[in-house]
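Open the model in your viewer and keep the selection box at hand. Each stop below gives a selection, then what to look for.

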Amino acid sequence: MTLRAWIGVAVALLTVAACVNLRPLWRDFDTVHVRLAFPDPSSSPGNRFDAVLLRNLAHLGYLRSFDHVFAAGPRKARIAEAFWLDRCEVRQGDFYKFVGWQPFHPEAPIAAPSEPSPWRYSSNTHDHAVSGRLDGPANGVTFYDAYAYCRAAGGRLPRTAEWLAAAVGAAGHVYPWGDEFDQAPPPYLDPLLNAARTCGEDAVSATPEGIQDMGGVVSEWAVLDDPTVAGVMGGNAYNAPRDLYALAALYRQTSLDYRSPYLGFRCAYDAPVPATPWRTPVSAVPVRAGSYDVGVPDDARIPSLLRALPRERIGLIERILERGDRPAATDVHFTVREITRREYAAFLRDPFVRAGFHAEDNQPAGHRHRPPDWDVQSETPDLPVVNVDWWSAYAFASWAGGRLPTAEEWETAASDQGRRLYPWGNGFDGASPVTGEQALGAAQATSADTSDRSAQGVLALGGNVSEWTRSVSTVSGGYAVVVKGGNYLLPGVSTARFDYRNHLSPNYRSPTVGFRVVFDRAR
């Protein structure tokens, strides 16, 4: 062939390439829209709640005190009848008056049902640095002491649901005072002095209804359904990070005889009480009957992840939800199923593929996209293609006009933005996804009625074949590619979880590894 003929052939090939834009002639990929959203942290109570937890992930890595709240998730407190709650925490001086009054009224039925006998009501702050601050909150008292005080005062200790209802209010605020942690630093370096601040010194910490200091002077006793433990509600001057402990929904549990200089109480009343028997005026704020959102906000994502993930893998939460420099939302289109052998056959037939137009720049010389068992695979064209290495998966995605998903995109889609542990929900059913529990021994054609379905409709993310991504890791000291998802040989209870990752050489081929493609625009 003459040089002119070769030039003519080259021009013709370039013209065809320009016309088809190096895209496959066969384009009928079944895709589903997946919105990878990174919402504005201020846009809803759940997003604001998540933002606080995200800032404090390192602390939550070892803190287990709030696990019971995360496990309970969204819930409502239904307050059947209005009650009144002390505007201020009970003062140290008023508690001492009660201690002086009680011995002269032994007939008063004020003891908690589980109170040990004999029990002497007292505070252990007599020798404390703040013991002279009688107008500061009572502290160093046990549940038994607080319970008896409130009964003798004509009221009772609030139940946890009542305390929470008063703290979040009808609007369901994240903090007792509102939705943002805008509190100034405490005035003293010594937290003991900050715990002795008088009622209302920090005016911006009041609830909209006028209840003071529910978020950070001393924590407060409350009654739980379990008679052996009590609730410790609200933040205090000692526990940090302050923006975490002050969250209205979070409370801890402790033994009834626990004492702390950072733990006090306030009383609830079923009817207004003008004064205590020891002549302390009672100033209480009404809390209306109704339904209050007292648990984790409905759209919060991180609490369910904290409940499901081992603490050593808590960094995954940041990987999924931290926006960084990413846009607020990314719209991508996942292929509904893993790429099939029929689709891969069209890729292999394309002369531009054989000419190397779609190869990754570092693809090894002499690389072949044809799987070693291609003749056998071709007999079942609707099964996922397997025995393809990363180089071939990359080239196919480029040929298809898309790309391989990042591991973060894959995890976000599989977890429904961090709301699910498995693509289909939070529990594992060994009979549903194609995983090792079924002992099928081979990949299966993915049917539309499979239960291995993400919230957006992506199929077989949890099992069937594992999938290449475009994310690179150095987990073994060398370069590897992240592979996501379980497969027909692996135990799905662990590998079908959205957080499972494998790390393989880009040259690796296996009958259990395939891939899917994402497109940045609708096709």
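The tour visits a sheet, the disulfides, and two helices.

**Stop 1: the sheet**

Keep in mind that this model is predicted. Select β3, residues 83–86. Add β8 (268–269) and β9 (284–287). Together they make an open sheet of three strands, in the order β8-β3-β9. The pairing is antiparallel. Strands of a sheet pair through backbone hydrogen bonds, so show backbone atoms here.

Which are the edge strands? They are β8 and β9, and each pairs on one side only. Two bridges link β3 and β8. Between β3 and β9 there are four bridges.

Now pick Leu85. On one side, Leu85 stands opposite Ala268 in β8. Its bridge partner in β9 is Val285.

Turn on side chains along β9. They alternate from face to face. Val285 and Val287 point to one face and are buried. Ala284 and Pro286 point to the other face and are not buried.

**Stop 2: the Cys88–Cys199 disulfide**

How many disulfides does the structure hold? There are two. Select Cys88 and Cys199 to see one of them, with the sulfur atoms 1.9 Å apart. The torsion about this S-S bond is about -70 degrees, so the disulfide is left-handed. Trace the chain out from both ends. Cys88 sits in the loop between β3 and α5 (92–101). Cys199 sits in the loop between α8 (191–194) and β4 (219–223). The two are 111 residues apart, so the pair links distant parts of the chain.

Switch on a surface. Is each end buried or partly exposed? Cys88 counts as buried, at 17% relative accessibility. Cys199 counts as partly exposed, at 31%.

**Stop 3: the Cys150–Cys267 disulfide**

Select Cys150 and Cys267. Their S to S distance is 2.1 Å. This link is also left-handed, with -85 degrees about the S-S bond. Cys150 lies in helix α6 (residues 143–152), and Cys267 lies in the loop between β7 (263–264) and β8, so the pair ties together parts that are 117 residues apart in sequence. Cys150 and Cys267 are both buried.

Now show both disulfides together. Counting bonded cysteines along the chain, the pattern is 1-3, 2-4.

**Stop 4: helix α7**

Select residues 160–168, which form α7. Why is this helix largely enclosed by the rest of the structure? Eight of its nine residues are buried, so the surroundings cover most of it. Colour the buried set: Thr160, Glu162, Trp163, Leu164, Ala165, Ala166, Ala167 and Val168. Then step just past the helix to Gly169, which takes a positive phi of about 70 degrees.

**Stop 5: Ser494**

Finish in helix α17, residues 492–495, and select Ser494. Ser494 is partly exposed, with a relative accessible area of 36%. Add Pro491. The backbone oxygen of Pro491 lies 3.4 Å from a polar atom of the Ser494 side chain. Last, add Phe428, which is 66 residues from Ser494 along the chain. Draw a distance between the C-alpha atoms of Ser494 and Phe428; the separation is 9.1 Å.

Notes
Residues are numbered from 1 along each chain as its sequence is written. This is a predicted model: local features need pLDDT of at least 70, side-chain atom pairs count only at pLDDT 80 or more; totals for chains, interfaces and linings use all residues. Side-chain values use heavy atoms; hydrogens and water are left out. Two strands pair if DSSP finds at least two bridges between them. Buried means under 20% relative accessible area, exposed over 50%, partly exposed in between (1.4 Å probe, protein chains only). A polar contact is a pair of N or O atoms within 3.5 Å; within protein, one must be able to donate a hydrogen and the other to accept it, and residues adjacent in sequence count only if both atoms are side-chain atoms. A disulfide is a pair of cysteine sulfur atoms within 2.5 Å.
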